[in-house]
Amino acid sequence: GCLDQKMKAHKRVYIGAATDPNTFNDTLVAQHLKTEFGCVTPENSMKWESTEPSRNTFTFSDSDKLVQFASSNKKLIRGHTLVWHSQLPQWVHDITDKAVLTEVIINHIKKVAGRYRGKVYAWDVVNEVLSEDGTLRPSVFSTVLGESFIDLAFRTAHAVDPHAKLYINDYNLDGPGPKIDAMIALIKRLQRRGVPVHGVGTQCHLILGQVGAVPAQLQRLGGLNVDVAITELDIRIPKPLTPELWRQQQEDFHTVFKGCLKVERCVGITAWGVSDKYSWVDTYFPTFDSPLLFDDYMNRKPAYDGAYAALSDF
Ligand code: G3I
């Protein structure tokens, strides 16, 4: 069976991958998405700069294509992302008035989550709201509204699409330290305030050989009475690539997949792309390479075998 079927045999929800028209238009990528994965995350097309480049002017051309691709291939969708400080148009950064920003957030969520109501399995409602030291990340949202922007985003998303699972998503929750401590504390505060938070996403943009602490962090997140998902998994390799490094990557993918399976609330794992050919890592980390399950030529890598082996263990 494929990765997604293996995952479902563990009574989990999906193995997914990030994509968008620019990558699923590659027929080899589309083929892997169809056969190996049960869920897609739009890599860029649902972000604020893509969907609402100027105030109350919405563009859904790429996101509609992604949703169409998912529905015609019976894939779940993880919506990504409603409120994020990055890939955010300048007109939003420029807002200084509380009432205006509140109205803008509500309108954005109503229009974007509303367009795909009933079609999105889970939304990353807020993304990357914490700094490395565990404080609230400075952004237009936190500066103008304080922590309450998080409550506002979740309550609005829940009203718009009551069946979608609503996630708080962040990176560097892969090891112990102030950031994951703060994430756990934040989720508990949201729960005490009755905010409809249903899941925590740990992105898992990992570095080869540095994945050992991931399973224990998944355990901690899995104790919060919310679903847990690995939302953006990749494991980048320092150049130059060697067969030994690919074998280490196989082990690392095995470790991470096993870590999810050991946590009852870990519902899914999304790779941040299908093929190394289109990974964001190339541009953002020029000294690293080859972070995904399929190589530049769309062949399965040892990493795939590591993931598959973890899913084959019962
Ligand atoms: O759309 C323009 C295109 O018109 C232009 O010709 C081209 C030239 O550079 O740029 C295109 O935009 C790029 C966009 O991806 C779409 O391909 C941006 O430059 C590029 O910066 C952008 O990168 C994305 C990045 O988020 C930006 O924040 C990556 O593809 C995407 O994988 C990455 O994803 C994020 C998650 O959303 C959140 N967590 C971290 C993760 C990795 O950074």
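# A tour of helix contacts, backbone details and the ligand shell

Begin with α12 and α14, which are roughly parallel to each other because the angle between their axes is small enough to count as such (under 35 degrees; over 145 would be roughly antiparallel, 65 to 115 roughly perpendicular, and the rest oblique). Helices (H or I, at least four residues) and strands (E, at least two) are DSSP runs numbered from the N terminus. The model on screen is predicted, so local features need pLDDT of at least 70 and side-chain atom pairs count only at pLDDT 80 or more, while totals for chains, interfaces and linings use all residues. Residues are numbered from 1 along each chain as its sequence is written.

**First stop: α12 with α14**

Select α14, residues 302-312, together with α12; their axes come within 7 Å and cross at roughly 30 degrees, axes being lines fitted to C-alpha atoms over the stretch in contact, with angles from 0 to 180 degrees between N-to-C directions. This crossing is right-handed, meaning that the near helix is turned clockwise from the far one by less than a right angle, whereas an anticlockwise turn would be left-handed. On the α12 side, the contact residues (C-beta atoms, placed from the backbone, within 7 Å) include Trp246, Phe253, Phe257 and Leu261, and on the α14 side they include Pro302, Ala303, Ala307 and Leu311. The residues of this contact divide into 10 nonpolar, 4 polar and 4 charged, where Ala, Val, Leu, Ile, Met, Phe, Trp, Tyr, Cys and Pro count as nonpolar, Asp, Glu, Lys and Arg as charged, and the others, Gly among them, as polar.

**Second stop: α11 with α12**

Keep α12 (residues 243-261) selected and add α11 (residues 214-221), whose axis is 8 Å from that of α12, at an angle of about 20 degrees. These two helices are therefore roughly parallel to each other, and their crossing is right-handed. From α11 come Val214, Pro215 and Leu218, which meet Thr255, Val256, Lys258, Gly259 and Cys260 of α12; by class, this contact has 5 nonpolar, 2 polar and 1 charged residues.

**Third stop: α7 with α9**

Now select residues 98-115 for α7 and residues 148-160 for α9, two helices whose axes come within 9 Å and cross at roughly 35 degrees. Here too the crossing is right-handed. In α7, look for Ile105, Ile106 and Ile109 among the contacting residues, with Phe149, Leu152 and Val160 among those in α9; the contact divides into 9 nonpolar, 3 polar and 1 charged.

**Fourth stop: the backbone**

Show the main chain at His80 and Thr81, where the peptide bond is cis with omega near -5 degrees; Thr81 has its place in strand β3, residues 76-84. A cis peptide bond also joins Lys239 and Pro240, with omega about 0 degrees, and Pro240 lies in the loop between β8 (227-238) and α12. Then move to Gln87, which is not a glycine yet has a positive phi of about 45 degrees, and which is found in the loop between β3 and α6 (90-93).

**Last stop: the ligand**

Gln87 is also one of the residues around the ligand, together with Glu43, Asn44, Ser86, Asn127, Tyr171, Gln203, Glu232 and Trp280, each having its C-beta atom, placed from the backbone, within 6 Å of the ligand. By class, this shell has 2 nonpolar, 5 polar and 2 charged residues.

To finish, select residues 4-310, the span that the unreviewed UniProt entry annotates as "domain: GH10"; such annotations, given in the numbering used here with shortened feature names, may be inferred rather than shown by experiment. The end C-alpha atoms of this span lie 12 Å apart, and the span is 43% helix and 19% strand.

Definitions and conventions
Two residues are in contact if their C-beta atoms, placed from the backbone, lie within 7 Å.
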